[in-house]
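Work through the following exercises with the sequence and the model side by side. Try each task before reading its solution.

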Amino acid sequence: MRESRVSAERQRVTAAPAGGVASPCISVCAIDPRTGLCEGCFRTLDEIAGWITFSNDQKRAVLAALPGRRQGTG
């Protein structure tokens, strides 16, 4: 199951809108109370809420942090 979520996430991130940065959301939206991260995309609530207003550089910074967060929760 986890592998299919990662695969779906890669496809969604790869399919970025023209000139923008795609959301890493994979529609598995549940915040882990222990980590404070979404169990689907590994973003914080602040990152999820602010995504639409973040600059592309801010979005890329969030995306760069996700692999480490995934490893830290596995």
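**Exercise 1. The span of a helix**

What span should the 18 residues of α3 have at 1.5 Å a residue, and how far apart are its end C-alpha atoms?

Solution. This is a predicted model, in which local features need pLDDT of at least 70 and side-chain atom pairs count only at pLDDT 80 or more, while totals for chains, interfaces and linings use all residues. Residues are numbered from 1 along each chain as its sequence is written, and side-chain values use heavy atoms, with hydrogens and water left out.

Begin with the term: helices (H or I, at least four residues) and strands (E, at least two) are DSSP runs, numbered from the N terminus. The expected span of a helix is 1.5 Å times one less than its number of residues, so the 18 residues of α3 should span 26 Å. The end C-alpha atoms of α3 are 26 Å apart, which agrees with that expectation.

Now look along the helix: α3 bends by about 30° at L66 (the bend is the angle between axes fitted to the seven residues ending there and the seven starting there). A proline, P67, follows within four residues.

**Exercise 2. The chain as a whole**

Find how many helices and strands the protein chain has, and what share of its residues is buried.

Solution. The protein chain has three helices and zero strands, and from the N terminus on its elements run α-α-α. For burial, use relative accessible area: buried means under 20%, exposed over 50%, and partly exposed in between (1.4 Å probe, protein chains only). By this rule, buried residues make up 31% of the 74 residues in the chain. In α3, the buried residues are K59, V62, L63, L66 and R70, whereas A65, which also has its place in α3, is partly exposed because its relative accessible area is 30%.

**Exercise 3. The aromatic pair and a charge over a ring**

Identify which two residues form an aromatic pair, and classify the pair.

Solution. A search of the whole structure finds one aromatic pair. W51 and F54 form this pair, with 6.4 Å from centre to centre and 55° between the planes. Rings of Phe, Tyr and Trp (its six-membered ring) pair if their centres lie within 6.5 Å, and planes under 30 degrees apart count as stacked, over 60 as edge-to-face and the rest as tilted; the pair of W51 and F54 is therefore tilted. W51 is buried, because its relative accessible area is 8%. R43 lies over the face of W51, at 5.0 Å from the ring centre (a charge sits over a ring if NZ of Lys or CZ of Arg is within 6 Å of the ring centre and within 35 degrees of the ring normal).

**Exercise 4. R69 and E47**

Trace which residues R69 and E47 touch beyond their neighbours in sequence.

Solution. Take R69 first, whose place is in helix α3 (residues 56-73). Contact means heavy atoms within 4.5 Å, and, leaving aside neighbours within four places in sequence, R69 is in contact with L37, F42, R43, T44 and E47. R69 and L37 are 32 residues apart along the chain, yet their C-alpha atoms are separated by 8.6 Å. The side chain of R69 also reaches the backbone oxygen of F42 at 2.9 Å, a polar contact (a pair of N or O atoms within 3.5 Å; within protein, one must be able to donate a hydrogen and the other to accept it, and residues adjacent in sequence count only if both atoms are side-chain atoms).

Turn next to E47, which has its place in helix α2 (residues 45-50) and is buried, because its relative accessible area is 12%. Not counting residues up to four places away in sequence, E47 touches F54, V62 and R69. A polar atom of the E47 side chain lies 2.9 Å from the backbone nitrogen of T44.

**Exercise 5. Two positive phi values**

Decide whether F42 and S27 are buried or exposed, and find their phi values.

Solution. Most residues other than glycine have a negative phi, and most peptide bonds are trans. Phi of F42 is positive, near 65°, and phi of S27 is positive too, near 60°. F42 has its place in the loop between α1 and α2, and S27 lies in the loop between α1 (2-14) and α2. At 8% relative accessibility F42 counts as buried, whereas S27, at 60%, counts as exposed.
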